[in-house]
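This note is offered to a colleague who has the sequence and the coordinates at hand. Please read the points below alongside the structure.

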Amino acid sequence: MKMARLSSRSGVGAPTIRYYIREGPVPAGTLTSPNQASYDETHLRALRLVRALIDVGGLSIEDAAGSWCTCPTTARTCPPCSARSGAR
């Protein structure tokens with residue numbers, strides 16, 4: 001699905017989705033062209049989880065991003081972990 005559909009289904013605005021993608025709690029979509037991406041149900045579930053963690057759980061975006069990190073504690077190479085360590 002395209003960004004507009006993801007936004008509509010999730011109830012999260014496109015600028016916020018792009019912010020979440022940039023900051024790490026939501027994975028990037030699959031590029032279909034240089035400036036467009038395709039999203040699926042995984043992205044929709046991630047958005048719903050992030051919103052719940054932030055709105056209901058009171059977590060920061062950084063904490064929400066790291067709350068489901070599966071990196072080994074020595075590697076920490078996923079986007080959220082890399083962002084927290086400053087290695088963008």
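The points that follow concern two helices and a strand pairing in a predicted model.

1. Helix α1 spans residues 3-10, and its buried residues are M3, L6, S7 and S10. Around the helix axis these residues cover an arc of only 100°, which places them on the same side of α1. The spacing is what one would expect in general: an α-helix has 3.6 residues a turn, so residues three or four places apart point the same way.

2. The opposite side of α1 should be read together with the first point. The face turned away from the buried side carries A4 and S8, both of which are exposed.

3. Against what do the buried residues of α1 pack? Their partners are α2, covering residues 14-23, and α3, covering residues 41-55.

4. Helix α2 can be described in a similar manner. Its buried residues are A14, I17 and Y20. When the helix is viewed down its axis, they fall within an arc of 120°, so they line one face of α2. Turned away from this buried side is a face that carries the exposed residues P15 and R22.

5. The residues just beyond the helices deserve a brief remark. G11 follows α1 and has a positive phi, near 80°. G24, which comes just after α2, likewise takes a positive phi, in this case of about 115°.

6. The strands are the next topic. Strand β1, residues 30-33, is joined to β2 by three bridges, and the two strands run antiparallel. The connection between β1 and β2 is a hairpin of two residues. Within this pairing, T30 has S38 in β2 as its bridge partner.

7. Is S38 buried, partly exposed or exposed? S38, which lies in strand β2 (residues 36-38), has a relative accessible area of 28% and is therefore partly exposed, since the buried class requires a value under 20% and the exposed class one over 50%.

8. The surroundings of S38 complete the picture. Leaving aside residues up to four places away in sequence, S38 touches M1, G29, T30, T32 and H43. T30 in this list is also the bridge partner of S38. The C-alpha atoms of S38 and M3 are separated by 7.3 Å, although the two residues are 35 residues apart along the chain. M3 is itself among the buried residues of α1.

Definitions and conventions. Residues are numbered from 1 along each chain as its sequence is written. This is a predicted model: local features need pLDDT of at least 70, side-chain atom pairs count only at pLDDT 80 or more; totals for chains, interfaces and linings use all residues. Side-chain values use heavy atoms; hydrogens and water are left out. Buried means under 20% relative accessible area, exposed over 50%, partly exposed in between (1.4 Å probe, protein chains only). Helices (H or I, at least four residues) and strands (E, at least two) are DSSP runs, numbered from the N terminus. The arc is that of the directions from the helix axis to the C-beta atoms. Contact means heavy atoms within 4.5 Å. Two strands pair if DSSP finds at least two bridges between them.
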